[in-house]
Amino acid sequence: TEELKFTVEFITPCFLGGATGNAEIRTAPFKNLIRRWWRIVNGNLSPAELWQKEAELFGSTERNPKLGKSFGKSKVLLKILAVSEKCIPTNEKFSIGDLETGYGTMSLAKYIGYGPVETKSYLPPKSKISFSLTIPSKNRKEFIDILFLIKLFGTIGSRSHNGWGSIELIPEAKTFEFNPPSVFGSFKDLNLLDSKKKYPYLIAKDKNGVLAWKTQYCRNWSEAFGEIGQLYYDLRSHLKSLSDYSELMGFASGKNRQPAQFTIKIVPQKVKSGDVIATKYYGLLIHLPYLLEYWKKAEYLEACKYAYDFFASRHNLSGWQ
């Protein structure tokens with residue numbers, strides 16, 4: 001086995017709920033986050049192959065058809081090494097601005113954080129948790145790529161699709177370093193979307209680049225959140241003008257539930273201005289595409305283009321590189 005050590009820093013409030021819904025520090029949500037991005041790194045596998053490999057690596061009580069017995073325990077172990085002094089659940093109020101709707105003014109934080117915001121405690125921005133990840137040596141490259149994707153696009157906790165629980169992941173240099181070309185080379189063209197896979201399984205790109213868009217630099221996380229949150233609201237309104245397309249933003253009907261295909265993340269970045277280097281923030285909107293059960297591929301690509309044309313019309317947005 002090998003050990004990879006890294007630190008997670010929270011960029012936005014993180015509603016990492018326990019049994020009561022209030023913030024708790026546990027390894028399980030972080031292991032689930034790693035598992036989710038493992039599926040995307042291994043998105044080239046068929047659903048059956050993916051299930052087999054996932055059970056072999058992460059463990060399962062299901063029967064392994066190759067061995068005639070259960071898969072057994074997970075070969076992936078995650079342990080908390082340290083928690084910073086600031087990493088204490090809090091109910092302190094915050095604001096990312098207001099939203100003008102047809103029903104009047106409302107809190108943008110409540111709109112995109114409906115449920116946990118102002119009702120549950122959260123882990124505050126700038127708090128940190130250090131981890132040790134033990135993996136089989138043969139999977140080292142795979143897990144380094146997973147951690148890099150989490151650094152780029154990962155969020156965690158309740159309402160994480162809407163940008164809550166945006167995180168920065170910092171490797172401990174003595175144990176590993178990121179290899180960006182390895183990850184970027186795995187991004188696939190949107191037109192190659194597999195109609196048999198009804199779940200997010202790849203980072204996609206089109207002729208204009210990776211399917212992610214970012215705002216201009218902002219002074220702090222809340223300002224960047226306000227910008228991308230307003231865009232998210234505008235996108236929902238825009239797609240509702242054609243009811244068939246609005247399902248890209250997720251829906252729930254009885255037992256049938258689909259999460260939004262667009263994910264918000266707030267990203268910190270060091271920016272040099274003259275002789276001064278300062279931390280700036282930008283809002284990022286990522287599309288993790290997959291076909292809905294009853295959509296034909298041509299219809300789905302048309303819906304995507306409708307959303308992408310909307311992004312192109314926004315002067316404060318640019319493609320993510």
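**Exercise 1. Find which residue of E16 stands opposite Trp213, then place strand E12 among its neighbours.**

Solution. Start with the pair itself: Trp213 sits opposite Leu285 in E16. Before going on, a word on what you're looking at. This is a predicted model, where local features need pLDDT of at least 70, side-chain atom pairs count only at pLDDT 80 or more, and totals for chains, interfaces and linings use all residues. Residues are numbered from 1 along each chain as its sequence is written, and side-chain values use heavy atoms, with hydrogens and water left out.

Next, look at the strand around Trp213. E12 covers residues 212–215; strands here (E, at least two residues) and helices (H or I, at least four) are DSSP runs, numbered from the N terminus. Ala212 and Lys214 point to one side of E12, Trp213 and Thr215 point the other way, and all are buried. Buried means under 20% relative accessible area, exposed means over 50%, and partly exposed is in between (1.4 Å probe, protein chains only).

Now add the partners. E16 (residues 276–287) runs antiparallel to E12, with three bridges joining them. Strand E17 (residues 317–319) is also antiparallel to E12, again through three bridges, and there Ser318 is the bridge partner of Lys214. Two strands count as paired if DSSP finds at least two bridges between them.

**Exercise 2. Work out which strands pair with E7, and how much of E7 is buried.**

Solution. Take E1 (residues 2–10) to begin with: eight bridges tie it to E7, and the two run antiparallel. In this pairing, Val8 faces Ile129 of E7. Then turn to E4 (residues 77–83), which is joined to E7 by six bridges, antiparallel too. Here Ile80 stands opposite Phe131. Last comes burial: six of the eight residues of E7 are buried, so the strand is largely enclosed by the rest of the structure.

**Exercise 3. In the loop between H3 and E7, look up the phi of Glu118 and Lys126.**

Solution. The background first: most residues other than glycine have a negative phi. Glu118, in the loop between helix H3 (108–112) and strand E7 (128–135), has a positive phi of about 70° although it isn't a glycine. Its relative accessible area is 46%, so Glu118 is partly exposed. Lys126 lies in the loop between H3 and E7 and has a positive phi of about 80°, though it isn't a glycine either. With a relative accessible area of 51%, Lys126 is exposed.

**Exercise 4. Which residues does Arg140 touch, leaving out those up to four places away in sequence?**

Solution. Locate Arg140 in helix H4 (residues 140–153). It is partly exposed, at 28% relative accessible area. Its contacts (heavy atoms within 4.5 Å) are Glu2, Leu4, Ile135, Thr175 and Phe176. Pick out Leu4: it is 136 residues from Arg140 along the chain, yet their C-alpha atoms are 8.6 Å apart.

**Exercise 5. Step back and describe the whole protein.**

Solution. Count the elements: seven helices and 17 strands. Check the overall dimensions: the C-alpha atoms fill a box of roughly 60 × 50 × 45 Å along the principal axes. Then burial: 48% of the 321 residues count as buried. Finally, the contacts: among those between residues at least 6 apart in sequence, 72% join residues at least 24 apart.
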